[in-house]
Amino acid sequence: MSGKDQSIVSKESLMSTKPGKQILKQALFKSKGFKLFNKYKEETENEFPNFAERFTQGLLNEIKSDTNPNSTQQEFGNEVGSTEIILNASEIEPIKSKLENLDVLKDRVLRILNSNFVKMTFPVFNALFDGAAEYSGRHDPQLKQDIVEGHILAIDLSEPMDRIVDKDEDLEFLDDYKLMNPYILKLARSKISKGGEHVLKAFEEGFKDARIGQYLDEKLKSKPTTITEEEMILSYKKYRAVMGTAGRNMALAEQPLGEIFYLGMAGASEGVGCGNEIEDSIKNGFVKIPSWPLYYSLLANDVRKGFEITLEKSNLYLQDARLTLELLPEGFSHKEFLEFLFLTVEHYNHYWYNKLQKANRWSEFESKLPKR
């Protein structure tokens, strides 16, 4: 795992969970899965600065060449269905002028790239693309760069958008992010379109589904005690839409591999979603709204039980992801990589659950639950 918090993969942390011990065992014996995972992790770390440079330069070109930035803002607001994440016409010019400085823009780009989601998915996309390319006999390094980076840019767009909506970090840069957002999406689309019309179509459908999930999340915040299972499943569509679609497009949306990658990445990302809700609850000091821990805690009238069942839910999502390993073509070159990836997801979830158990903040969480 290549996230911001490297303590999760320290030897001590890995020893604290059953999947973590399996990771250490694979590292010790240098299994194929471990070696492949490590290879892509190191490749990503080496290439990341070059990607950040390309991203910044592409963004700068888009900002400078836009003759009607107000129209760009309005169109983006209409597409994502929110006026909260765009600038008023009078605010645009000073911010545009500021961001036309390369150093200033690079600072903002690096801030939004400092994300677990981005850093942990980059090596995964590279591996999936390589596996699909080997299977189909396709070798096109430029196409790989475009498809992988296009989907990373689309994922990265969620960072500034979340910060604008949540107002929980980078408060002094939120207006800068508002200006940048439409151009990030434009760059993502431009790169993804290099895979052909069907690849771009798959992305557009996934992007639309992700927005539905995010919209529902906002809606559920106002009625936390009456959330239904159907609504939670629909809310989780944002994980499935983003990661599942990206998985499909690493195989250029071709069957059967595209669908297999979709199912694997969808299940794994939903599993990570559960772990993320546990982590966020620890860091925030209250049960996240909406989330599976909240849903189950209210049903059971017991916070401890709510988190316990959430961990089981994460295991069910991962079971779905692991089913796809049986569907891969015979002798698929990156099967062991995916096995190891799912193991790291399982460790992540168990690591945060164990942290929660040790923290023993059940009464604090209980007192902050929304009242019926």
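Me: Buried means a relative accessible area under 20%, exposed means over 50%, and partly exposed lies in between, with a 1.4 Å probe and protein chains only. What kind of model are these words applied to here?

Reply: This is a predicted model, in which local features need pLDDT of at least 70 and side-chain atom pairs count only at pLDDT 80 or more, while totals for chains, interfaces and linings use all residues. Residues are numbered from 1 along each chain as its sequence is written, and side-chain values use heavy atoms, with hydrogens and water left out.

Me: Which residues of helix H5 are buried?

Reply: Helices are DSSP runs of H or I with at least four residues, and strands are runs of E with at least two, numbered from the N terminus. In helix H5, which takes in residues 89-99, the buried residues are Ile92, Ile95, Lys96 and Leu99.

Me: How do you know whether they lie on the same side of H5 or on opposite sides?

Reply: One looks at the arc, which is that of the directions from the helix axis to the C-beta atoms. Here the arc around the axis is only 105°, and therefore the buried residues lie on the same side of H5. A general rule about helices helps to picture this: an α-helix has 3.6 residues a turn, so residues three or four places apart point the same way.

Me: What does the face of H5 turned away from the buried side carry, and what covers the buried residues?

Reply: The face turned away carries Ser90, Glu93 and Pro94, which are exposed. On the buried side, the cover includes H3, helix H4 (69-80), helix H6 (102-113) and helix H9 (174-192).

Me: Why is threonine 56 called buried?

Reply: Its relative accessible area is 1%, and because the word is given to a residue under 20%, threonine 56 counts as buried. Threonine 56 is part of helix H3.

Me: Which residues does threonine 56 touch, if those up to four places away in sequence are not counted?

Reply: Contact means heavy atoms within 4.5 Å. On that footing, threonine 56 touches Leu102, Leu105, Lys106 and Val109.

Me: What makes alanine 241 buried?

Reply: Alanine 241 has 5% relative accessibility, and since that is under 20%, the residue is rightly called buried. Alanine 241 has its place in helix H12, which runs over residues 237-250.

Me: Which residues is alanine 241 in contact with, leaving aside neighbours within four places in sequence, and how far is alanine 241 from serine 269?

Reply: With those neighbours set aside, the contacts of alanine 241 are with Gly206, Asp209 and Ala210. Serine 269 is 28 residues from alanine 241 in sequence, and the two are 9.7 Å apart in space when one goes from C-alpha to C-alpha.

Me: Why is lysine 30 called exposed, and what is the value of its phi?

Reply: The relative accessible area of lysine 30 is 54%, and because exposed requires over 50%, the name is earned. Its phi is near 50°, a positive value in a residue other than glycine. Lysine 30 sits in the loop between helix H2 (18-28) and H3.

Me: What makes asparagine 301 buried or exposed, and where does asparagine 301 lie?

Reply: Asparagine 301 reaches 66% relative accessibility, which is over 50%, so asparagine 301 counts as exposed. The residue lies in the loop between H14 and helix H15 (303-323). Although asparagine 301 is not a glycine, its phi is positive, at about 55°.

Me: What is the omega of the peptide bond that joins glutamine 255 and proline 256, and where is proline 256 placed?

Reply: Omega is about 0° for the bond between glutamine 255 and proline 256, and this peptide bond is cis. Proline 256 has its place in the loop between H12 and H13.

Me: What is the omega of the peptide bond from isoleucine 289 to proline 290, and where does proline 290 lie?

Reply: The bond from isoleucine 289 to proline 290 is cis, and its omega is near -15°. Proline 290 lies in the loop between H13 and helix H14 (292-300).
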